Amino acid sequence: MKERNITLSVNGRVHHLTVPVNKTLLEVLREDLHMPDTKYGCGTGECGACTVLVEGSRAINSCLMLAATMDGREITTVAGLDQGGELHPVQQAFMDQAAVQCGYCTPGMVLKTISMLAKNAQPSEAEIRHELEGNICRCTGYAKIVAAVQQASGQLEAPTLRQAV
Amino acid sequence: MSEFQTIGKSLPRIDVRAKVTGRAVYADDIQLPGMLHGKVVRCWEYAHARVKKLDLSAAAKMPGVVRVLGPKDVTQKPYNSSVLDLMVSEPMHQMLGDVEDQYLFTDHVKHQGDAICGIIATSEEAAERAAEKVVVEYEPLPVYLTADESKQPGAVQFTPLKPGNLAFELPEGMFPNHVYGWGDADAAFAEAEVVFEDSFQVPKQKQAQMEPHAYVAQYDDQGRLTCWTSTQMPKCVQRKLSKLFDLPMSRMKVNQTVVGGGFGCRLGMVMEPEACAMALAVPGRPVKLTSTREEDWLDSPTRHPGKYWMRMGFKKDGTPVACDAYFANYKGGYYLDGSGVAFTTGAWLGGMYKFGALRYRGESYFTNQTFCGAFRGYGNPQTNFVMEQMIDRACAELGLDPVEWRKRWHKGVGDDGWCIGMTYSSCALDECLDRGAKAIGWEAKRAAYAKQTGTKRRGVGVAVMNHTSGAMPMLLEHTVCTVRLNEDATAEVLLACSEIGQGSHTTLRQVAAETLGIPVEDVHMAIGDSDATGYDIGAHASRTLYVGGGAVKAACEDARRQVLERAARALAAEPDQLDIRDRQVFVRDEPSRSLPMERITQLGVYNFMDPQTGKTVGDPGQIQGYSSYFPPHNSPPFGACFAEVEVDTETGEVKVLELVNAHDIGRAIHPAIVEGQLEGGAQQGLGFALTEDTLFDANGLCLNNSFTDYKMLGPSDMPKMTNILVENPDPYGPFGAKSVGEAGLVSPVGATANAIFNAIGVQVLQAPITPERVLQALASKRAQ
């Protein structure tokens with residue numbers, strides 16, 4: 001297999017890599033850079049578990065992107081969001097709204113939310129749901145994920161401890 | 001103010017920080033030094049065939065290949081990947097007739113994706129490239145996709161152990177005439193004034209958990225086999241693997257990793273046998289085995305599809321006189337828990353209404369599709385789809401209100417539950433029905449939708465459900481828990497209960513903290529390492545909070561008793577006069593007489609002897625609480641679901657507008673987690689009702705083993721959801737809690753079907769209720 005030399009910035013750290021041209025960005029992240037925070041869910045761009053950000057705000061499916069085409073790009077994975085123990089507001093919102101169950105879709109959901117809010121700071125509920133269509137969650141029924149996006153966009157308060165109704 | 005410190009509070013989950021930062025370690029995230037990669041070579045061309053020739057020589061020469069494994073290079077013991085054999089007594093096992101019909105690598109392909117051989121290589125890619133060089137010649141066999149086909153005389157036999165491809169019928173020894181139920185159904189039907197019957201079809205739904213199956217296995221230099229696995233049942237898998245590979249349990253270790261969703265798909269063994277067989281073939285070297293999404297779809301269990309016939313008889317006033325039902329499920333290629341769903345489907349049917357007589361028969365037939373196993377609900381959604389539509393048909397014919405009929409005739413406290421003799425200990429279904437009806441605006445909407453014109457028709461429907469909290473009395477219920485108090489009065493809870501995303505470790509920690517009287521932050525859940533934890537069945541049958549929580553509570557009560565006995569001596573009081581709150585032990589009626597719990601735990605460990613006097617201060621011994629807990633009862637939850645839909649009568653499309661899910665859960669230990677179970681369950685229940693079915697062509701090849709072709713409801717499809725948590729503490733559950741894990745999925749199935757019936761005046765008898773089937777139903781209505 002042909003190889004190509006690329007430079008990839010991942011979460012602010014620059015990597016010089018030699019990658020086979022058929023290798024996906026997801027595989028390079030997980031296998032070459034040993035960064036397992038980006039998840040394999042289907043390998044065919046259907047589930048969004050492998051979502052990463054390009055240039056800080058554009059969400060892509062890393063399973064569909066050949067690493068060789070990402071030369072010179074800046075990639076953000078979910079592990080690059082929290083700083084010095086402080087969670088990113090989107091991460092905090094997912095935590096506050098109990099939007100996490102098995103957690104396998106969560107990295108992709110968090111990054112997709114950041115990308116969504118970069119385009120539209122105050123999305124309506126219908127817009128949120130539409131934007132999340134490419135990210136599958138099988139645990140939550142999406143209700144609390146939508147609430148997390150609303151909290152992250154300042155449209156919903158973080159809940160205090162809830163009692164049973 | 002709540003009587004509790006921790007119970008009833010929606011605290012942040014234990015695992016949430018690791019999950020939002022991507023630091024949670026799932027099985028595929030594990031990297032070990034020298035790790036190799038396995039690949040299972042599967043039959044993708046045929047759903048039924050014999051292997052005539054298998055040539056691994058070219059694959060073995062491929063770069064990076066370390067070993068190739070044919071059927072004779074691994075254990076040839078037959079096995080059953082399900083764990084039912086561990087959960088019933090030997091006589092019961094014999095009576096059920098559960099069989100071992102699986103082999104690591106087969107020469108008789110029984111479904112597409114069946115495993116032929118394995119490759120071990122230095123990288124996943126090298127293993128995949130070698131897999132392409134494996135030469136297999138097949139002799140195609142006739143393909144059977146339904147029971148009607150596979151039970152024909154002369155059909156190829158799936159296993160000599162099950163003649164006629166009848167995998168299971170209710171055994172005569174336990175169910176005379178192969179019937180579950182009560183009363184004389186024929187005599188009861190003779191008394192009926194109106195009788196309805198129909199035949200329904202239920203779908204082959206797939207769990208589609210987000211994390212595919214993944215394992216790492218290593219046979220180490222002590223002769224010990226370790227398997228890191230995404231299983232729901234670490235302890236049972238440890239036992240099953242030790243039996244399969246003839247290893248004593250002391251040399252078989254299972255580490256449960258973070259699990260990316262289960263929903264029943266990871267009950268028992270899935271691909272652990274293949275991963276472990278590969279590790280045994282390369283001693284010392286860890287081997288990682290992961291499944292692709294396509295493999296997950298075709299080589300791990302699905303829900304049981306099949307044909308479900310039902311007949312119900314009533315008096316004209318609505319009195320339910322008799323119910324007769326027959327469910328023939330299409331088992332797929334292998335037996336697994338062939339006896340389970342065939343029985344429980346009838347058990348939920350029997351647990352719901354006060355029919356004068358019930359006669360249920362359940363059978364499993366082998367067919368050439370992916371084998372069926374456990375899926376959240378375990379037969380209950382199938383029954384809900386059929387039973388609840390039959391009830392609404394009767395209500396429509398008899399002019400009765402479906403909510404009022406259900407309130408009048410559902411079973412309640414003292415009635416037999418899911419098994420005859422296991423009576424209901426609590427029931428708040430009336431409150432669920434009342435509050436749910438109010439929330440959806442039942443009366444006004446039923447009245448309004450009775451007189452609709454136009455092409456878009458709205459409807460509102462209701463369905464109720466019962467379930468279990470654990471599988472007693474049919475299956476074993478047992479969880480072992482150890483709680484160890486540290487010197488500083490913090491605690492470690494050791495148990496094997498599975499966290500599969502449902503939040504069990506968070507809620508079990510609340511149970512521990514509340515019982516011990518210490519802050520929840522001071523309790524650590526040490527779970528997942530089979531070396532450290534005692535027995536537990538695993539996450540199935542909605543048992544983890546009810547049974548596991550009972551075990552945690554019992555172990556913590558044991559530790560608490562020891563603390564109070566020691567504190568009583570120090571405070572010159574009786575243990576039963578004392579209480580613990582926020583790590584202070586105090587006399588209940590005189591709270592100023594107190595001492596820090598830490599003083600007791602500290603002195604228990606650091607119990608110095610004064611060398612001059614030879615005396616010690618306080619009681620020696622680190623406090624450990626222990627329970628080997630067999631619950632005294634099974635306290636089922638109830639639920640009432642209300643759905644509102646809009647049906648486009650020109651296109652057949654159904655949009656669910658609103659769902660109200662009211663559940664009697666006993667006590668919500670963690671309300672947000674309960675809501676999450678109901679909301680996530682609803683997504684799967686709506687999927688069963690409207691969109692989800694694994695489809696096969698005439699050759700048994702799968703048409704939709706991907707997220708594009710297998711349609712699940714997405715964020716825009718999901719309706720507005722309202723959860724109503726009805727708290728009516730159960731006398732047996734920990735702090736009154738009953739189960740919730742599976743419950744949320746079940747009643748949205750019937751409620752949605754009934755809402756469609758309300759909208760268009762005709763029932764759709766096949767799930768999922770696709771637009772085509774809606775249009776067919778409307779056409780048949782017009783033709784009448």
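**Exercise 1. Just after H1(A), which residue takes a positive phi?**

Solution. His34(A) takes a positive phi of about 55°, just after H1(A). Helices here are DSSP runs of H or I with at least four residues, strands are runs of E with at least two, and both are numbered from the N terminus.

This is a predicted model, where local features need pLDDT of at least 70, side-chain atom pairs count only at pLDDT 80 or more, and totals for chains, interfaces and linings use all residues. Residues are numbered from 1 along each chain as its sequence is written, while chains are lettered from A and ligands numbered from 1 in the order in which they are written.

**Exercise 2. Find how many residues of helix H1 of chain A are buried, and what they pack against.**

Solution. Step one: fix the term. A residue is buried if 20 or more other C-beta atoms lie within 10 Å of its own, exposed if 12 or fewer, and partly exposed in between; C-beta atoms are placed from the backbone.

Step two: count. H1(A) spans residues 25–32, and six of its eight residues are buried. They are Leu25(A), Leu26(A), Glu27(A), Val28(A), Leu29(A) and Arg30(A).

Step three: find the partner. These buried residues pack against strand E2 (13–20) of chain A.

**Exercise 3. Describe the fold of chain A in outline.**

Solution. Start with the elements. Chain A has five helices and five strands. From the N terminus on, their order is β-β-α-β-β-β-α-α-α-α.

Now check the radius of gyration, taken over C-alpha atoms; the globule rule is 2.2 Å times the number of residues to the power 0.38. For 165 residues the rule gives 15 Å, and chain A has 16 Å, so it is as compact as a globular protein of that length. Its C-alpha atoms fill a box of roughly 60 × 30 × 25 Å along the principal axes. Buried residues make up 55% of chain A.

**Exercise 4. Do the same for chain B.**

Solution. Chain B has 21 helices and 27 strands. A compact globule of 784 residues would have a radius of gyration near 28 Å, and the 28 Å of chain B agrees. The box filled by its C-alpha atoms is roughly 100 × 70 × 50 Å, along the principal axes. Buried residues account for 60% of chain B.

**Exercise 5. Work out how H13(B) packs on H14(B).**

Solution. First, the geometry. Helix H13 (residues 402–409) and helix H14 (residues 429–440) of chain B pack at about 170°, with axes 10 Å apart. Axes are lines fitted to C-alpha atoms, for helices over the stretch in contact, and angles run from 0 to 180 degrees between N-to-C directions. That makes H13(B) roughly antiparallel to H14(B), a label for angles over 145 degrees.

Next, the residues. Val403(B), Arg406(B) and Lys407(B) in H13(B) meet Asp430(B), Leu433(B) and Ala437(B) in H14(B). Contact requires C-beta atoms, placed from the backbone, within 7 Å. By class, there are three nonpolar, no polar and three charged residues. Ala, Val, Leu, Ile, Met, Phe, Trp, Tyr, Cys and Pro count as nonpolar, Asp, Glu, Lys and Arg as charged, and the others, Gly among them, as polar.

**Exercise 6. Describe the side of chain B that touches chain A.**

Solution. The contact takes 52 residues from chain B and 47 from chain A. In chain B, the elements giving two or more residues are helix H1 (16–20), helix H19 (671–690) and strand E27 (720–726). H19(B) supplies the largest share, eight residues. By class, this side of chain B has 21 nonpolar, 19 polar and 12 charged residues.

Conventions: Two residues are in contact if their C-beta atoms, placed from the backbone, lie within 7 Å. Angles under 35 degrees count as roughly parallel, over 145 as roughly antiparallel, 65 to 115 as roughly perpendicular and the rest as oblique.
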